[in-house]
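Visitor: I am new here, and I would like to know the reasons behind the labels. Could you walk me through them?
Guide: Gladly! Let us look together.

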Amino acid sequence: MTVAAMVAVSGPIVDRLPSGDALADADIETPDDRVLDRVGRRYLPPPPPLAEPVCLRDPGDECLLWTVADPSLRGAHVVLAGDRAVALPRPGQDLVAYRLADGEVAWTGPGDAPWVRQQLVTGDLLLTVDADGLSARSLTDGGERWRRADLNLPPQFDLHTARQVDDVLLLAGLVHDPERRIGYGNGEPSDEVTLEQSEAMLVALDAATGEDTWRAATVGPASIATDGTAVHLAADGRLTALAPDGSIRWAVEGIDPAIGGGVWVTGRYVNLWRGDGSGEQLHRLADGRPLGFGGMVLDSDGDDTLLEVWAGPSGPSDLEGHGPAYLLLDAEDREVWRTPADRSRCTTAARFETDTVRVFTCEQDELVLDRADGSLLDRTSTTDTRSSMPWRATTPGDRGAPHDRVGPFALHPERPDAADSAYVLIDTRDGGEVVRFPPEAFPLMREQHGPWTADLGGIAVIQHRGGLTAIALPPDVATAPRPFRRVAPAML
């Protein structure tokens with residue numbers, strides 16, 4: 001190795017290398033690959049998960065009404081029941097009911113069963129499907145009213161709807177029988193893959209005692225409206241509606257029972273679907289009259305109903321070549337307006353406001369329609385550049401999709417690819433950040449006029465890792481100033 005001499009020139013010491021000479025140290029010429037690999041893999045450790053909610057907009061914690069901090073709530077199943085939120089933190093642990101007004105514990109009760117498959121709330125009852133059958137608890141004090149171990153509810157039972165109407169408890173669900181299996185392989189009967197067979201169940205019980213009141217044979221899943229009307233496909237394939245006492249309210253032409261299918265009630269409408277996937281049909285809940293098209297109820301305020309339909313009211317060819325449409329019907333099921341929708345997009349939710357309707361798509365676009373005529377007032381894409389927040393680039397299916405709308409707010413992951421990411425509550429009106437929540441955050445929902453909502457009477461409750469937090473929702477956001485702009489063309 002050639003090293004230049006160190007000389008002193010007028011005080012300072014200067015390093016000098018002869019011109020054209022280079023360092024020839026063998027250790028420098030042959031770097032250690034293991035060292036370089038360690039350097040290449042070096043990264044900053046992620047920040048620790050957020051432990052408690054943080055208010056970002058108001059000074060202090062003014063945007064947080066209350067917080068319940070309890071690590072056992074992580075992964076707990078929480079159901080809303082009137083003015084309570086009832087949680088079963090872990091199998092075998094106690095039931096806990098929290099008051100929505102202040103988050104204080106209203107009552108606790110023994111969980112009893114080693115595991116719980118399902119919990120549903122209806123009327124003043126908390127229904128629990130566990131290893132011992134079906135039990136009903138009072139939502140007032142948590143005491144067990146009755147238990148049915150003889151209801152033929154195996155672990156494979158799915159109770160998807162429960163309604164209490166006066167002294168009648170109506171249940172609809174599916175019983176999966178692991179002993180009855182059909183084999184399939186490459187589309188042909190085979191022993192390679194076996195699928196469990198299911199039987200639909202529609203039964204009415206005495207709400208006070210749990211004793212049977214009546215049962216109905218049904219082809220495919222049944223559904224129960226909020227007023228207790230039970231709609232199902234009878235054994236002869238007719239679409240049939242039963243009153244809570246089991247009497248027939250109406251029966252209309254349905255489908256061939258050999259094809260099979262099922263029904264689902266949302267608000268004032270019944271969606272009848274065919275088991276062979278060949279189509280759907282909407283019917284009026286009041287009398288069973290078909291509307292002439294298939295579709296999905298997006299929102300209802302008790303008067304107006306917004307639907308996304310895939311065929312027009314005049315028949316399947318009415319919208320041919322134009323894709324689906326948003327259709328607004330009034331309380332008498334009359335068309336108010338119809339606006340073509342982009343066939344390349346799917347819709348996940350909608351929300352009525354005083355003068356507008358907000359529609360949310362799978363692509364995380366937000367459309368603002370004029371409630372009077374359906375015209376497009378505004379469109380906002382969550383992939384725009386209004387904010388540098390990572391949630392504006394999330395893909396459909398990530399947490400932060402439109403089903404996590406909370407009034408005028410939207411809940412999104414701060415780091416979509418991180419399991420311990422905090423969640424940020426965004427004000428969709430101005431893009432401002434309102435609250436940061438710990439990981440695994442989502443809003444508790446309740447049914448209202450058919451669709452589900454996170455608005456619990458002016459507040460929303462967010463479940464997150466380690467607890468529950470209530471936030472205040474602003475009054476009707478339609479009264480807030482917003483610079484609308486007309487967008488062309490009319491096609492959304």
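**Reasons behind the labels**

Visitor: Why is C63 called buried?
Guide: C63 has a relative accessibility of 10%. Buried means under 20%, so C63 counts as buried. Please keep in mind that this is a predicted model.

Visitor: What makes C55 and C63 a disulfide?
Guide: The two sulfur atoms, of C55 and C63, lie 1.9 Å apart. The rule asks for cysteine sulfur atoms within 2.5 Å, and the S to S value of 1.9 Å meets that rule, so the pair is a disulfide. In general, such a link is a covalent bond between the sulfur atoms of two cysteines.

Visitor: How many disulfides does this rule give?
Guide: The count comes to one disulfide.

Visitor: Is C55 buried or exposed?
Guide: C55 has a relative accessible area of 10%. The cut-off for buried is under 20%, so C55 is buried. For the chain as a whole, 47% of the 492 residues count as buried.

Visitor: Now to R284. Why is R284 called buried?
Guide: The relative accessible area of R284 is 16%. As 16% is under 20%, R284 is buried. You can find R284 in strand β24, which covers residues 280-284.

Visitor: What makes the link between R284 and D333 a polar contact?
Guide: Their side chains are joined at 2.7 Å. A polar contact needs a pair of N or O atoms within 3.5 Å, one able to donate a hydrogen and the other to accept it. The 2.7 Å value is within that limit, so the pair of R284 and D333 fits on distance.

Visitor: Which residues does R284 touch, leaving out those up to four places away in sequence?
Guide: R284 touches W250, R268, Y269, R289, L291, E332 and D333.

Visitor: How do you know that β37 and β40 pair?
Guide: Two strands pair if there are at least two bridges between them. β37 and β40 (residues 459-464) have two bridges, so they pair, and the sense is antiparallel. In β40, Q463 is the bridge partner of F442.

Visitor: Which sheet has these strands in its order?
Guide: They belong to an open sheet of four strands, ordered β4-β41-β40-β37, with antiparallel pairing. What makes β4 (64-69) and β37 (442-443) edge strands is that each pairs on one side only.

Visitor: How many helices and strands does the chain have?
Guide: The chain has two helices and 41 strands.

Terms used: Residues are numbered from 1 along each chain as its sequence is written. This is a predicted model: local features need pLDDT of at least 70, side-chain atom pairs count only at pLDDT 80 or more; totals for chains, interfaces and linings use all residues. Side-chain values use heavy atoms; hydrogens and water are left out. Buried means under 20% relative accessible area, exposed over 50%, partly exposed in between (1.4 Å probe, protein chains only). Contact means heavy atoms within 4.5 Å.
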